[in-house]
Amino acid sequence: MYISEMALLKARLEAEGKLSQSRILQELLREDDQSERKEKMREGERYYRCDHDVRKKDFRSRMISETKNGAEEYRLFQNPNRSNHHNVNPFHRTLVAQKAAYLVGKEPTVTVKGKEQAYFEAELAEFCNEEWNQLLYRWVTGASNKGVEYLHVYYDENGVFRTCLVPAEELIVCYDAEHQQDMTEVIRYYDMKVLEDGKEKIRRKVEWWTKEDVTYFTENSDGEFLQTKRMPHWLITQEEDGQEVAREEHHWGRLPFIPLQNNAEETTDLELIKGLVDAYDLLSSEGTNQLLDLVELYWVIQGYGGEAAGAISKKLQINKAVQISDSSGHVEAKQVSLPMESRMSWMRMLRKDIFHFGMGVDTDSEDWGKAPSGVALQFQYAMFYLKVNGMMPEIRRAIKEVLRFVAEDKNRRDGRDRDWKAIQVLLNTSGITDDLETVQMIRESQGLISEKTLLGKHPFVDDVNHEMQQRREERKEKEATT
């Protein structure tokens, strides 16, 4: 929700004479929770967890048309004996996993310009460990599913600097009215289980963040939000004999939430392909149910007595024959066939469109692997590169913003002057490549490009900083033995 929308809401509430913090929160949360944008976020997350719309469809029920007294009527027809199998085809999850693994499957390389900042580079390398890279992977995944995802920096109860992801669907982010660039306020709301009168109930908690402080609200049984406390971004306290004797209030001077946008419009990756995926799920599920219910042979029997169908089929199974009472009767077996070729052709077209418009790489394609040269592989990745290249600058910006908070935290602790503007972030992408060609290009680039950059592109190197340290240790050992 943008600041302009919040201003309109406040003006409307003022005109009605009902302006209060609780009333504002109720209206903000209601409008945001019901917004199309948040619905798209939940939808992207749902499909990533393989909870597709096809799972809600009951293949045992369908609407049929009947003509009664010259008028057409529709009614629901249910066949409880029909199969109701649901095929979920996780194309969205596959495409998001491709994207995240390519962009941040390997730890990014973080460097700091200037030899006087070498200690700072070592500190950042320590911060950007495997745990951080796992968080970064989930950050990119969340942005792909929801259009945007937010990382929150904070201090835990022990005063340790920490980072975590805050689901974008829990946030209302307000920007400056003029340029829509600077975040001015963030409202976070989430559900909590509480015990009231011996019963477990759901109540909402709200955090209203500004650049200087955060105000906490709790929903009561009447649906009103009561302010519980207002705090700075963090506190530094001094205690003597277990008693607090002094406290210092601090704030970052900006909101400690960092957005990672999937694209400029903040659209989800699912929006491009949802209709195609739903059509594929329906065709696949309908085809499976038809095959499960298929009667390969059915019998047409004329001139037989009045016995039930079950008795007739039993006699056919045991005696391999039945007695016809009418001289004009006969028994005929007919075979049922399904239009499989046309169905498979349509599903192949849908699959191709899903990977094309989803801008991914279909590794099951018939053309994959026919020409394994580097140029051919690059061509297979053409659409994929268009998608990921647009996100790479945004990921680098977001990582650098996190490291800016890291630099400020360390400067505050020891009084040194770490320059966050000197930080450079390189993403070590990991796609399917011709390793021999890649190594040859790295060898030919020696002396033209820095050693650290070349190591980041080497197919055998996953952690560039660790590899650099290993090389330094090996050089020291060689120098010591010579």
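Colleague: Are Trp252 and Phe405 buried or exposed?
Modeller: This is a predicted model, so what I tell you is computed from its atoms. A residue counts as buried when its relative accessible area is under 20%. Trp252 and Phe405 are both buried.

Colleague: Which kind of aromatic pair do Trp252 and Phe405 form?
Modeller: Two numbers help here: a pair of rings is described by the distance of the centres and the angle of the planes. For Trp252 and Phe405 the centres are 4.9 Å apart and the planes stand at 80°. Planes over 60 degrees apart count as edge-to-face. That is why this pair is called edge-to-face.

Colleague: How many residues apart are Trp252 and Phe405?
Modeller: Let's place each of them. Trp252 is in the loop between strand 12 (243-250) and strand 13 (257-261), while Phe405 is in helix 11. The pair therefore links distant parts of the chain, and the separation is 153 residues.

Colleague: Which residues form one aromatic cluster with Trp252 and Phe405?
Modeller: The structure holds 14 aromatic pairs. Besides Trp252 and Phe405, the cluster contains Phe127, Trp132, Tyr155, Phe161 and Trp234.

Colleague: Which parts of the structure does the pair of Phe91 and Tyr280 tie together?
Modeller: Phe91 and Tyr280 are both buried. Their rings meet edge-to-face, 5.0 Å centre to centre with 90° between the planes. Because the two residues lie in separate elements, the pair ties together parts 189 residues apart in sequence: helix 4 and helix 7 (residues 274-293).

Colleague: Which helix gives the largest share of the largest nonpolar core?
Modeller: That core has 43 residues, and Leu103, Trp139, Leu151 and Ile395 have the most contacts inside it. The largest share is 13 residues, and it comes from helix 11 (residues 382-414).

Colleague: Which residues does Ile395 touch, leaving out those up to four places away in sequence?
Modeller: Ile395 is among the residues with the most contacts inside the largest core. Touching here means heavy atoms within 4.5 Å. By that rule, the partners of Ile395 are Leu103, Val104, Leu136, Val140, Leu260 and Leu427.

Colleague: Why does Asn411 count as buried, and which backbone nitrogen does its side chain reach?
Modeller: Asn411 lies in helix 11. Its relative accessibility is 18%, so it counts as buried. Setting aside neighbours within four places, Asn411 is in contact with Arg416, Asp417 and Arg418. At 2.9 Å, its side chain reaches the backbone nitrogen of Arg418.

Colleague: How many disulfides does the structure hold?
Modeller: A disulfide is a covalent bond between the sulfur atoms of two cysteines. Cys128 is buried at 5% relative accessibility, and Cys174 is buried at 0%. The number of disulfides in the structure is zero.

Colleague: How far apart in space are Pro90 and Arg49, C-alpha to C-alpha?
Modeller: Pro90 sits in the loop between strand 2 (71-78) and helix 4 (91-104), and at 33% relative accessibility it is partly exposed. Outside its neighbours up to four places away, Pro90 touches Cys50 and His52. Pro90 and Arg49 are 41 residues apart in sequence, and in space their C-alpha atoms are apart by 8.5 Å.

Colleague: Which ring does the charged end of Arg93 sit over?
Modeller: Here is another charge and ring to look at: Lys57 lies over the face of Phe59, 5.5 Å from the ring centre. For Arg93, the charged end is 4.3 Å from the centre of the ring of Tyr48.

Definitions and conventions
Residues are numbered from 1 along each chain as its sequence is written. This is a predicted model: local features need pLDDT of at least 70, side-chain atom pairs count only at pLDDT 80 or more; totals for chains, interfaces and linings use all residues. Side-chain values use heavy atoms; hydrogens and water are left out. A nonpolar core is a set of buried Ala, Val, Leu, Ile, Met, Phe, Trp, Tyr and Cys residues joined through side-chain atoms within 4.5 Å. Buried means under 20% relative accessible area, exposed over 50%, partly exposed in between (1.4 Å probe, protein chains only). Helices (H or I, at least four residues) and strands (E, at least two) are DSSP runs, numbered from the N terminus. A polar contact is a pair of N or O atoms within 3.5 Å; within protein, one must be able to donate a hydrogen and the other to accept it, and residues adjacent in sequence count only if both atoms are side-chain atoms. A disulfide is a pair of cysteine sulfur atoms within 2.5 Å. Rings of Phe, Tyr and Trp (its six-membered ring) pair if their centres lie within 6.5 Å; planes under 30 degrees apart count as stacked, over 60 as edge-to-face and the rest as tilted. A charge sits over a ring if NZ of Lys or CZ of Arg is within 6 Å of the ring centre and within 35 degrees of the ring normal.
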